[in-house]
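Reader: Could you take me through one part of this model up close, the small sheet and whatever packs against it? I'd like to see how the pieces fit together, and then hear what else is worth a look.

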Amino acid sequence: MKRGVFFLFLLFTCAFARPAFAQEWEKILAAAKKEGQVNVYIGGWGAVLDEGVFQKRFPEIKLVGVSLRGGGDIAKRILAERRAEKYLADVCIEGFNSNYNTLHAAKVFDPIKPALVLPEVVDESKWWRGKHSYLDPEGQYVFRFTGVPQTGAAHYNSQQVNPKEFTSFWDFLTPKWKGKIEARDARVPGPGNGALRFFYHNPELGPQFIRRLFGEMDITLFRDFRQGPDWLAAGKFAICFFCSDIPKAKHQGLPVDSFAAMKEGAGLVSQYGTMGLVNNAPHPNAAKVFINWFLSREGQLTLQRALSKSTDEAPDSLRIDIPKDQVPAENKRMDGVKYMDLDVQGKLEMKPIIAVIEEALGASKK
């Protein structure tokens with residue numbers, strides 16, 4: 001073959017060669033179909049699995065979801081299974097405390113970064129601030145896919161409270177509210193941990209605010225997620241810190257609502273929006289398929305749609321190339337607002353905050 005003809009042959013071949021990612025993706029997909037199943041352990045946001053979108057997209061891969069609502073229950077289950085030498089989970093979607101402080105610390109995860117294959121997932125320009133977000137300092141293991149404004153997780157009974165009386169978090173310490181405040185017991189994982197980290201690290205609030213809130217205001221604590229909203233709606237308490245499902249209760253016509261951001265600003269949290277690739281997984285290739293689908297435009301739109309329908313609390317995905325119509329205003333990141341990013345190194349640890357709460361409760365003999 002003459003050199004000129006051979007050169008043209010090479011150009012033609014290269015022009016029609018499949019991209020490297022496509023070849024890798026086809027291998028992963030073929031292996032995943034042979035595995036035939038993927039086990040996704042998910043805390044709080046299990047509704048996204050019920051939409052059936054992944055199953056329609058990949059009918060040869062059976063999606064098995066394990067969904068638990070209680071704070072830290074998913075992490076506890078995975079660790080219990082592994083102690084029994086049962087390696088069942090492929091992917092874990094949970095809050096930062098479970099995925100980072102518990103499972104990552106226990107070395108349960110393989111690096112997730114190498115598992116990202118699809119160009120629309122790998123392309124960091126499609127994500128907030130032009131980069132992927134990881135909780136771990138290595139930037140490899142715990143992928144964060146949501147960023148929701150945290151205005152303090154403070155809610156009120158609209159028949160008992162005029163929200164215009166509150167412009168600062170220090171207003172909650174007014175004596176008239178003593179004995180009229182309830183709060184989820186944040187000494188166990190669950191809603192409110194982000195708000196407490198915001199209080200603790202905010203220079204205008206700090207440990208002193210937490211100490212006075214729990215030490216002076218005769219707060220009643222609850223652990224059952226349903227208890228707080230029920231008490232608030234019934235008027236047993238006027239104010240609730242760290243209640244869940246308040247937008248849903250309001251939509252049902254109950255007299256509850258959430259306070260807007262106070263002058264001290266707002267934090268930014270992931271809620272249940274972090275993901276890990278479990279090591280020693282039974283279906284490692286199917287896990288990669290699910291992860292790439294979930295972090296794609298379709299997957300993140302499915303997340304927002306599912307939670308909009310099931311809880312009225314759709315989170316704001318960190319993907320910026322998808323519409324946010326189904327995300328409620330209080331959950332949207334707004335241009336021009338300065339947020340304290342709470343799910344970053346240096347602001348993830350709850351132990352010093354819990355120590356302050358324990359100190360305050362001890363002083364008040366609660």
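Author: Start with Val148, which sits opposite Val269 in E13. That pair belongs to the ladder between E7 and strand E13 (residues 266–269), which run antiparallel and share 3 bridges. Keep in mind as we go that this is a predicted model.

Now zoom out to the sheet itself. E7 and E13 are joined by E15, giving an open sheet of 3 strands in the order E7-E13-E15, with mixed pairing. Strand E7 (148–150) and strand E15 (339–341) are the edge strands, and each has a single partner strand, so one side of each has no neighbour in the sheet. From one strand to the next, the twist comes to 40° on average.

What lies on this sheet? H8 does, and it touches E7, E13 and E15. Its direction makes about 135° with that of E13.

H8 has a helical partner too, so to speak. In general, a pair of packed helices is described by two things, the angle between their axes and the distance between those axes. Here, helix H8 (residues 193–201) packs with helix H9 (residues 206–216) at about 125°, and the axes lie 5 Å apart. That angle makes H8 oblique to H9. If you want to find the contact on screen, look for Leu196, Phe199 and Tyr200 on the H8 side. Facing them from H9 are Gly206, Pro207, Phe209, Ile210 and Phe214. Sorted by class, this H8–H9 contact has 7 nonpolar residues, 1 polar and no charged ones.

There's another sheet to look at as well. It is open, has 5 strands in the order E10-E9-E11-E8-E12, and its pairing is mixed. Strand E10 (220–222) and strand E12 (256–258) are at the edges with a single partner strand each, so one side of each is left without a neighbour in the sheet. Ignoring direction, neighbouring strands here are turned by 25° against each other on average. Within this sheet, strand E8 (residues 154–157) pairs with strand E11 (residues 239–241) in the antiparallel sense, over 3 bridges. For a landmark, pick Tyr156, whose bridge partner in E11 is Ile239.

Then the open spaces. The second largest pocket has a volume of about 220 Å³. It is lined by 15 residues, and the closest to its centre are Lys131, His132, Ser133, Arg144 and Asp341. One of those, Asp341, falls within the range of E15 (339–341), the edge strand from the sheet we began with. Its lining is split into 6 nonpolar, 3 polar and 6 charged residues.

And the enclosed space? The structure holds 1 cavity of 30 Å³ or more, and the largest cavity has a volume of about 30 Å³. Its lining is made up of Val48, Leu49, Gly52, Val53, Phe54, Leu63, Phe290 and Trp293. Helix H3 (47–50), helix H4 (53–57) and helix H12 (284–294) are the elements that each give two or more residues to that lining. By class, the cavity's lining residues are 7 nonpolar and 1 polar, with no charged ones.

Terms used: Residues numbered from 1 in each chain as written. Predicted model: local features only at pLDDT ≥ 70, side-chain atom pairs only at ≥ 80, totals over all residues. Heavy atoms only, no water. Axes fitted to C-alpha atoms, helices over the stretch in contact; angles between N-to-C directions. Helix = DSSP H or I, 4+ residues; strand = E, 2+ residues; numbered from the N terminus. Parallel < 35°, antiparallel > 145°, perpendicular 65-115°, else oblique. Contact = heavy atoms within 4.5 Å. Nonpolar A, V, L, I, M, F, W, Y, C, P; charged D, E, K, R; others polar. Pairing = 2+ DSSP bridges. 1 Å grid on protein atoms, 1.4 Å probe; cavity = no way out; pocket = protein on both sides within 12 Å on 5 of 7 lines; lining within 4 Å. Points joined across faces, edges and corners; volume = space filled by probe spheres on them.
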